[in-house]
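Visitor: Please show me the model, and then justify the labels attached to it.

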Amino acid sequence: MWSAHTAAPEGSTGAAAGKRREKDVRGSNTQFFLPAKAAAAGAAVAGGVFLLLEVPPRVLELERVLKWYAHLYFRIRKNFDGTVMMVKSLVGRFGTPPPEVGEYLDMCGENYGIIRELLGSAASEHPVFVNHLSRIKGVTPFLAGLLLGIMPARRFPTVSALWKYCRLDPGARKRVARSRSLRKENKAGHVAHLIAVALVYAKSRYAEFYERFFEEEMERTANFEKAKARAYRRLKKLFLAHYFVKYYEEFGGRPPLPYIVERGRRRYIPPIVD
């Protein structure tokens, strides 16, 4: 099922538009192209984007606001962390900083807290958070706001596309190495990692899967760090697959199964809550 797609370029034919696909998933504004059959059948349009998954306008507007907050959060966090590192380096060179520097850092910290509160407040009104994400230990309104702002599931035709966007697909490392633009901060992957760590530390039901994944990977690699990284990777993919399913079901869609399940390489694990 296709979810959200950009309109075909002006002057292109329907058949050509149907064959176009993204070569790489880049940046948070990436969308998918509308298949020719869907274009011929007609689809709802919201903000220049074709929607085959019918999402209420109120939710689309809420996700637009969350996208603003999420990107502001990453910029403020990056600036704040950079400022703190610079201050620490200058202390070693120039000694104790003047009081005004401490006041400035406090102000930066307040802005950091404000944007987190805005994200959490907006996410608390989203149906996917209210009906699903809020029932999972560790997924706070703030984390849900980042998730729904950076990667609303309606943008992806399959869960595999969502995994690729988070650079969790097998070819991610080679793809990033070839593309300079992909070496920038991976916001989606960072959000997925924050949530995975929160799930484990909150001892949610997902933590049980992490422990099982870790034991399996230790048997394969006998390397603690590798086993931990691979277990977290599998946990991220599991959580994102469940998020994808619940998002689609919330708005009446029929989400396709991940390709590894359809091909019989993995058994299906249905969405879980605490």
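Guide: The questions below take the labels in turn.

Visitor: What should be known about the model beforehand?

Guide: This is a predicted model, in which local features need pLDDT of at least 70, side-chain atom pairs count only at pLDDT 80 or more, and totals for chains, interfaces and linings use all residues. Residues are numbered from 1 along each chain as its sequence is written, and side-chain values use heavy atoms, with hydrogens and water left out.

Visitor: How many helices and strands are there in the protein chain?

Guide: The protein chain has 12 helices and 4 strands. Both are DSSP runs numbered from the N terminus: H or I of at least four residues for helices, E of at least two for strands.

Visitor: What makes a residue buried, and what percentage of the protein chain is buried?

Guide: Buried means under 20% relative accessible area, exposed means over 50%, and partly exposed lies in between, with a 1.4 Å probe and protein chains only. Of the 274 residues in the protein chain, 43% are buried.

Visitor: Why is R230 called partly exposed?

Guide: R230 has 38% relative accessibility and therefore counts as partly exposed. R230 is in helix α11 and touches E217 and T221, leaving aside residues up to four places away in sequence. Touching here is contact, meaning heavy atoms within 4.5 Å.

Visitor: Why does R64 count as partly exposed?

Guide: R64, in helix α3, stands at 45% relative accessibility, so partly exposed is the class. The C-alpha atoms of R64 and P152 are 9.9 Å apart, with their positions 88 residues apart along the chain.

Visitor: Why is α6 described as largely enclosed by the rest of the structure?

Guide: Because 9 of the 10 residues of α6 are buried. Among them are F142, L143 and I150. The buried residues of α6 pack against α3, α4 (99–123), α5 (127–131), α7, α9 and α11.

Visitor: What makes α3 roughly perpendicular to α6?

Guide: The axes of α3 and α6 come within 8 Å and cross at roughly 110°. That angle makes α3 roughly perpendicular to α6. The classes are: under 35 degrees roughly parallel, over 145 roughly antiparallel, 65 to 115 roughly perpendicular, and the rest oblique. Axes are lines fitted to C-alpha atoms, for helices over the stretch in contact, with angles from 0 to 180 degrees between N-to-C directions.

Visitor: Which residues meet between α3 and α6?

Guide: E63, L66, K67, A70, H71, Y73 and F74 in α3 meet F142, G145, L146, L148, G149 and I150 in α6. By class this contact has 8 nonpolar, 3 polar and 2 charged residues. Nonpolar covers Ala, Val, Leu, Ile, Met, Phe, Trp, Tyr, Cys and Pro; charged covers Asp, Glu, Lys and Arg; the others, Gly among them, are polar.

Visitor: Why are α10 and α11 called oblique?

Guide: Helix α10 (residues 205–221) and helix α11 (residues 224–250) pack at about 140°, with axes 8 Å apart. The two helices are therefore oblique to each other.

Visitor: How do you know that the span of α9 agrees with the expected one?

Guide: The expected span is 1.5 Å times one less than the number of residues. For the 15 residues of α9 (residues 187–201) the span should therefore be 21 Å, and the end C-alpha atoms are 21 Å apart, which agrees. Helix α9 is followed by K203, whose phi is positive, near 55°.
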